[in-house]
Amino acid sequence: MSDVITAAVAALNKKLANSDFEGSAKFVIEDEGVVRIDESGASADDSDADVTMTADSETFQGILSGDVNPTSAFMSGKLAIDGDMGMAMKLGAVLS
């Protein structure tokens with residue numbers, strides 16, 4: 001597992017700790033790997049999810065840190081979303 005994925009899992013678990021996120025989402029981080037999020041937290045898991053979001057490492061890390069707005073990243077083509085857009089928006093609210 002890459003350092004980016006390891007750090008992402010830890011950061012996402014911290015952000016999700018006090019949330020009521022229900023459903024599943026998967027981040028595909030180009031050239032790094034996959035992080036899946038569900039009710040039990042984040043893990044380096046590539047199983048199916050309600051929504052799959054794909055971005056490069058820089059964009060993903062910016063979203064995670066709050067420096068990059070997920071909606072702006074999507075609108076500018078830096079973030080691709082496949083699946084349940086409502087789930088992506090729900091996750092965006094949890095991460096902000």
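This is a short tour of three strands and two salt bridges in a predicted model.

Start with strand β1, residues 25-29, and then add strand β2, residues 33-38. The two run antiparallel and are joined by 5 bridges. To see how they face each other, select Val-28 and look across to Val-34 in β2.

Next, go to the turn of this hairpin, where 3 residues lie between the strands. Select Asp-31 there: its phi is positive, near 65°.

Now follow β2 itself. Of its 6 residues, 5 are buried, so the strand is mostly covered. A second hairpin leads from β2 to β3 through 2 residues. β3 spans 41-43, and its pairing with β2 is antiparallel, over 3 bridges. For one position in this pairing, select Arg-36, which stands opposite Ser-43 in β3.

Stay on Arg-36 and show its side chain. Which residue does Arg-36 meet in a salt bridge? The partner is Asp-38, at 2.8 Å from N to O. Arg-36 is buried at 12% relative accessibility, and Asp-38 is buried too, at 19%, because the cut-off is under 20%.

For the other salt bridge, select Lys-26 and Asp-46, whose side chains meet at 3.1 Å, N to O. This pair links distant parts of the chain, 20 residues apart: Lys-26 belongs to strand β1, while Asp-46 sits in the loop between β3 and β4 (51-55). Is each partner buried or exposed? Lys-26 is buried, with a relative accessible area of 10%, whereas Asp-46 is exposed at 53%.

Key
Residues numbered from 1 in each chain as written. Predicted model: local features only at pLDDT ≥ 70, side-chain atom pairs only at ≥ 80, totals over all residues. Heavy atoms only, no water. Salt bridge = Lys/Arg side-chain N within 4 Å of Asp/Glu carboxyl O. Helix = DSSP H or I, 4+ residues; strand = E, 2+ residues; numbered from the N terminus. Buried < 20%, exposed > 50% of the residue type's maximum accessible area, 1.4 Å probe, protein only. Pairing = 2+ DSSP bridges.
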